[in-house]
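Trainee: I am new to this structure and would like a close look at a single part of it, namely the loops and what surrounds them. Please take me through it slowly, in one connected account.

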Amino acid sequence: MNYAIVENGIVTNVIWLYSGNAADFPSAVPCRDIPVAIGDTYDGEHFYRDGEQVVSMLTAAQQEVQTMQEELPVLKAQIQAISDRNDFIEDCIAEMAATVYADAE
């Protein structure tokens, strides 16, 4: 399992360690599937990078899916509004063309 070596709240190294030997490394914190890197900070519970919590790739993907699902109704409404506006502009162009060509006859 991956472990982060944490000194003064900062990850100084990432190692693979047999969990049975974890007691030999008192500053080692299990990372599990979290992609911890040297320089990340640790508050005793979570790892952080540039002020944001470091999460597993699965958790990050789930958060992205949630965000996209929340944005979907707004995007659909925007697409509908653009489509309605395009229909209106087409109608205006058709009406202007009819007026222009009616005057030409």
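Mentor: Before we turn to the loops, one term is needed: helices are DSSP runs of H or I with at least four residues, strands are DSSP runs of E with at least two, and both are numbered from the N terminus. What you have in front of you is a predicted model, and by this reckoning the protein has one helix and six strands, which follow one another from the N terminus in the order β-β-β-β-β-β-α.

A brief view of the whole will help to place the loops. The C-alpha trace spans about 95 × 20 × 20 Å along its principal axes, and the radius of gyration is 29 Å, whereas a compact globule of 105 residues would have one near 13 Å. Of the 105 residues, 15% are buried, and among the contacts with a separation of 6 or more, 38% join residues that stand 24 or more positions apart.

Let us begin with the loop between β1 (2–7) and β2 (10–16), where N8 has its place. N8 counts as exposed because its relative accessible area is 81%, and exposed means over 50%. Along the sequence N8 and D43 are 35 residues apart, yet their C-alpha atoms are 9.6 Å apart in space.

Further along, the loop between β3 (28–30) and β4 (41–42) holds R32. The backbone of R32 deserves a look, for its phi is positive, about 55°, although the residue is not a glycine. R32 is classed as exposed because its relative accessibility is 53%. C31, the residue numbered just before R32, is in the opposite class, since a relative accessibility of 1% makes C31 buried, the limit for that class being under 20%.

A positive phi turns up again at D50, where the value is near 55° in a residue other than glycine. D50 lies in the loop between β5 (47–49) and β6, and with a relative accessible area of 78% D50 is therefore exposed.

The loop to study most closely is the one between β6 (52–53) and α1 (57–104), which is where S56 sits. S56 is buried, because its relative accessibility comes to 7%. Leaving aside residues up to four places away in sequence, S56 touches D33, I34 and P35, and touching here stands for heavy atoms within 4.5 Å.

From S56 we can pass on to helix α1, in which A61 is found. A61 is partly exposed, since its relative accessible area is 38% and that class covers the range between the limits of 20% and 50%. D33, already met as a residue that S56 touches, is 28 residues from A61 along the chain, and the C-alpha atoms of A61 and D33 are separated by 13 Å.

The cysteines and the surface complete the account. C92 is partly exposed because its relative accessible area is 27%, whereas C31 is buried at 1%, and a search of the whole structure finds zero disulfides. The protein exposes about 8,200 Å², of which carbon and sulfur atoms supply 56%. As for charge, there are 4 positive and 18 negative charges, and the mean positions of these two groups lie 6 Å apart.

To gather the loops together, then, N8, R32 and D50 are exposed loop residues, while S56, in the loop that comes before α1, is buried.

Methods: Residues numbered from 1 in each chain as written. Predicted model: local features only at pLDDT ≥ 70, side-chain atom pairs only at ≥ 80, totals over all residues. Heavy atoms only, no water. Rg over C-alpha atoms; globule rule 2.2 N^0.38 Å. Buried < 20%, exposed > 50% of the residue type's maximum accessible area, 1.4 Å probe, protein only. Areas by Shrake-Rupley, 256 points an atom, 1.4 Å probe, with all protein chains shown as cover. Lys, Arg positive; Asp, Glu negative; His and termini not counted. Charge placed at Lys NZ, Arg CZ, Asp CG, Glu CD. Disulfide = S-S within 2.5 Å.
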